[in-house]
Amino acid sequence: MANSSQVTEFLLLGFSSFGELQPVLFVLFLCLYLIILSGNFTIISVIHLDHSLHTPMYFFLCVLSTSEVFYTIVILPKMLINLLSVLRTLSFMGCATQMFFFLGFAVTNCLLLGVMGYDRYTAICQPLRYPVLMNWRVCGQLAASCIVSGFLISLVGTTLVFSLPFCGPNKVNHYFCDISPVIRLACAETYINELVIFICGVLVLLVPLIFICISYGFIVHTILKIPSAEGKRKAFSTCASHLIVVIVHYGCASSVYLRPSAKYSSGKDRLVTVTYTIITPLLNPMVYSLRNKDVQLAIRKMIGKTGVTLKT
């Protein structure tokens, strides 16, 4: 245990293998980061300012967008700095802090997507009871539960990783302190720690996903009973955006976290991780704004109020 204090900092290798392409990656990721921030802030502002969007569905979307903003802030600024820096170190405590907040917001997002699936189920399958089932008190409690549960699970995962002794190599083969590349550097048996982390991953990813699938099973069954084609189209359109985000988010996260760290592949996993740390937060506001007429109308109204006119 005396050796556990030997590693005082970690070296994030990130995209160092890309050599001269790193400045190009910096410009690309910086542009994507700015789009993520502007897109999510637009969603948050529009929902806050437009009273017609003060409904449970958009409340959860606002919470999700807020979580996505902090989720990217935890990772992307440091990654951008490292793309232009020779010194890519992160202190032991800094690495633990980054992992804690990354996992906290990531798990929160997973749970929020599950809650959003339940919201769509109650709206379509229980329309008469919807105002009671999803009143503002319930919405607040569900959102708070997602956040608290997310960070409690994150605390467990981060503690299981950083309670291990790190007494040798300190090169993290990733662009941030993720579980698999960090736990592989521990100089002790990690089987029990990894098993508990894996079980937590199964609970966080599969339980909400199964819940979403069951919800959409009932939703499809209910929609098919709607007599008019226009009614079916409107019902499906309210779920399509959520379903796209769910498929991308859960698909990428499951491919990385629902397997032992021994099968960690730095190159492949880095590309998959880019998808759910950059593409998913980018996809979220784009999908909800491009596919949602209510949000589009609210954006136009907000632009109109600022005195900006768009040429048709």
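Student: What makes Leu-12 count as buried?

Tutor: This is a predicted model, and in it Leu-12 has a relative accessibility of 1%. Buried means under 20%, so Leu-12 counts as buried. Leu-12 sits in strand β1, residues 9–12.

Student: Which residues does Leu-12 touch, leaving aside those up to four places away in sequence?

Tutor: Leu-12 touches Lys-78, Asn-82, Arg-88, Leu-90, Val-172, His-174, Tyr-175, Phe-176 and Cys-177. Contact here means heavy atoms within 4.5 Å.

Student: Cys-177 is a good one to follow. How do you know that Cys-95 and Cys-177 form a disulfide?

Tutor: Their sulfur atoms are 2.0 Å apart. The cut-off for a disulfide is a pair of cysteine sulfur atoms within 2.5 Å, so Cys-95 and Cys-177 are joined by one.

Student: Which parts does the pair of Cys-95 and Cys-177 tie together?

Tutor: Cys-95 lies in helix α3 and Cys-177 in the loop between β3 (171–172) and α6 (179–183), so the pair links parts that are 82 residues apart in sequence. Both Cys-95 and Cys-177 are buried.

Student: Why is the disulfide of Cys-95 and Cys-177 called left-handed?

Tutor: The torsion about its S-S bond is about -120°, so the disulfide is left-handed.

Student: How many disulfides does the structure hold?

Tutor: The structure holds two. Besides the pair just discussed, Cys-167 and Cys-187 form a disulfide, with their sulfur atoms 1.9 Å apart. Cys-167 lies in the loop between α5 (136–162) and β3, and Cys-187 in the loop between α6 and α7 (191–223), so this pair ties together parts that are 20 residues apart in sequence. Counting bonded cysteines along the chain, the pattern is 1-3, 2-4.

Student: What makes Cys-167 and Cys-187 partly exposed?

Tutor: Partly exposed covers the range between under 20% and over 50%. Cys-167 has a relative accessible area of 25%, and Cys-187 has a relative accessibility of 35%, so each counts as partly exposed.

Student: How do you know that Cys-110 has no disulfide partner?

Tutor: The closest cysteine sulfur to that of Cys-110 is in Cys-146, 10 Å away, which is too far for a bond. Cys-110 is buried, at 4% relative accessible area. For Cys-200, the closest cysteine sulfur is in Cys-110, 13 Å away, again too far for a bond. Cys-200 is partly exposed, at 22% relative accessibility.

Student: Cys-110 also belongs to helix α3. Why are α3 and α8 called roughly antiparallel?

Tutor: Helix α3 (residues 92–125) and helix α8 (residues 229–257) pack at an angle of about 150°, with their axes 11 Å apart. Angles over 145 degrees count as roughly antiparallel, so that is the term for α3 and α8. The crossing of α3 past α8 is left-handed. Among the residues that meet are Phe-102, Cys-110 and Arg-120 in α3, and His-242, Val-245 and Tyr-257 in α8. By class, the contact of α3 with α8 has 12 nonpolar, six polar and one charged residues.

Student: And what makes α2 and α5 roughly parallel?

Tutor: Helix α2 (residues 56–83) and α5 pack at an angle of about 25°, with their axes 11 Å apart. Angles under 35 degrees count as roughly parallel, so α2 and α5 are described that way. Here α2 passes α5 in a right-handed crossing. Pro-56, Phe-59, Phe-60 and Val-63 in α2 meet residues of α5 including Trp-136, Cys-139 and Leu-142. This contact of α2 with α5 divides into eight nonpolar, one polar and no charged residues.

Terms used
Residues are numbered from 1 along each chain as its sequence is written. This is a predicted model: local features need pLDDT of at least 70, side-chain atom pairs count only at pLDDT 80 or more; totals for chains, interfaces and linings use all residues. Side-chain values use heavy atoms; hydrogens and water are left out. Axes are lines fitted to C-alpha atoms, for helices over the stretch in contact, and angles run from 0 to 180 degrees between N-to-C directions. Helices (H or I, at least four residues) and strands (E, at least two) are DSSP runs, numbered from the N terminus. Angles under 35 degrees count as roughly parallel, over 145 as roughly antiparallel, 65 to 115 as roughly perpendicular and the rest as oblique. A crossing is left-handed if the near helix is turned anticlockwise from the far one by less than a right angle, and right-handed if clockwise. Ala, Val, Leu, Ile, Met, Phe, Trp, Tyr, Cys and Pro count as nonpolar, Asp, Glu, Lys and Arg as charged, and the others, Gly among them, as polar. Buried means under 20% relative accessible area, exposed over 50%, partly exposed in between (1.4 Å probe, protein chains only).
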